[in-house]
Amino acid sequence: MKLVQFYEPGQESGVGIVQDDHVIDLTEIMPEVETVNDLMHVAGVARISLAELVERALNGYDGQLAGFTYESLDVTPDVGFPHLMVPLFSPEVWGFGVTYKRSAEFRDDDAQQTIYDQVYNSDRPESFFKATASRCSGPNAPICVRGDSKFTATEPELAYVLGDEGEIVGYTLCNDVSAWDIEKENPLYLNQSKIYQGCCALGPTLVTADEIDDPYDIDIQCRILRDDAVVFEGEANTSQLARSFDELNEYLYRDNLIPSGTVVSTGTGIILPNDLGLQEGDLVVISSPEIGVLSNPVQQL
Ligand code: DO4
Ligand code: MG
């Protein structure tokens, strides 16, 4: 099942179920559910999966199903019109890094050092705090280049969403936008590369865990458009990940309280060339056949 959150004038947020090119308005059927976070809470209390909860609600409803076309929601956010939002309001987004060989090799070559290779080959993975809900952009909303960065990169990643017992309830796409020039200057500046306004895009859907046959075989593509021309294309597959999600979770939860709805971004296998930092007006399009297309324009702060 693919879930989205959408904005509608007069209503802060609603939850939708994507079926082909339509979005069914679940909030019509379950008025107590305005966010995917609410849905996760209800499913948690009932001790059933998100998909089961939604199936039960749909089966028990005999009214007319209302909704939108997906296309009509997949538009630039405007308070006057319905549009997609982040797929959930994640209290915390965490990132893992150098989980793909390509990421480790590139970062070491660039800085003529071996620290990334050491982490790639260590038991302990690299993890970092990435964002809070207010720093995350949904589909078609701007991702940002911070004012003091001359080279900010897109990092297209598969992300998973955690339930209150540490279980993976679903998957989404994450753009771990990072100011590479700042983290290259000194690895201790990593937080400033990773965490700032508009540093993270999530979406477009949250695909429930039951619907993903093999999370270690997901294709991720990325394209960057500048003045309507494609200036970058790259792809990766999660089979190239060097670590399992169990392994990442094992470290994430060590003496660390992780709230329900936390998003964990699993690292990038797509690396931008050194002459292609993001610029105001670029459009970054990340996609996966299972999750959908996440497009975000770039804004220079
Ligand atoms: O320390 C660098 C960050 C690595 C990262 O975010 C990634 O590999 O995706
Ligand atoms: Mg990353």
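Which polar backbone atom lies 2.9 Å from an oxygen atom of ligand 1? I opened the notebook with this question and looked it up in what is a predicted model. The backbone atom belongs to Val 98, and its partner is an oxygen atom of ligand 1 at 2.9 Å.

**Entry 1: polar contacts of the ligand.** I then turned to the side chains, and I noted that a polar side-chain atom of Glu 126 lies 2.6 Å from an oxygen atom of ligand 1. For Glu 155 I wrote down a distance of 2.9 Å, between an N or O atom in the side chain and an oxygen atom of ligand 1. I also checked how far ligand 1 is covered, and found that it exposes 290 Å² when taken alone, of which the protein buries 99%.

**Entry 2: the shell.** I counted 16 residues around ligand 1, and I listed Ser 103, Glu 126, Glu 155, Lys 194 and Thr 268 as the closest. Sorting this shell by class, I obtained seven charged, five nonpolar and four polar residues. When I asked which elements they come from, I found that strand S6 (93-97), helix H5 (101-111), strand S7 (126-131) and helix H8 (190-194) each supply at least two residues of the shell.

**Entry 3: the cavity.** I searched the whole structure for cavities of 30 Å³ or more and found one. The largest cavity holds about 80 Å³ of space, and 16 residues line it, with Gly 97, Arg 107, Glu 126, Glu 155 and Lys 194 closest to its centre. I recorded that the space taken by ligand 1 is this largest cavity. Its lining draws at least two residues from each of S6, H5, S7 and H8, and I sorted that lining into seven charged, five nonpolar and four polar residues.

**Entry 4: the largest pocket.** How much space lies in the largest pocket? I noted about 340 Å³, with a lining of 19 residues, of which Gly 44, Ile 48, Ser 49, Glu 167 and Val 169 lie nearest the centre of the pocket. Helix H2 (36-46), helix H3 (50-59) and strand S12 (168-176) each supply at least two residues of the lining, and I marked H2 as the element that gives the most, with four residues. By class, I entered eight nonpolar, six polar and five charged residues for the lining of the largest pocket.

Key. Residues numbered from 1 in each chain as written. Chains lettered and ligands numbered in written order. Predicted model: local features only at pLDDT ≥ 70, side-chain atom pairs only at ≥ 80, totals over all residues. Heavy atoms only, no water. Near = heavy atom within 4 Å. Polar contact = N/O pair within 3.5 Å; in protein donor to acceptor, adjacent residues only side chain to side chain. Areas by Shrake-Rupley, 256 points an atom, 1.4 Å probe, with all protein chains shown as cover. 1 Å grid on protein atoms, 1.4 Å probe; cavity = no way out; pocket = protein on both sides within 12 Å on 5 of 7 lines; lining within 4 Å. Sits in = over half its atoms within 2 Å of the grid points. Nonpolar A, V, L, I, M, F, W, Y, C, P; charged D, E, K, R; others polar. Points joined across faces, edges and corners; volume = space filled by probe spheres on them.
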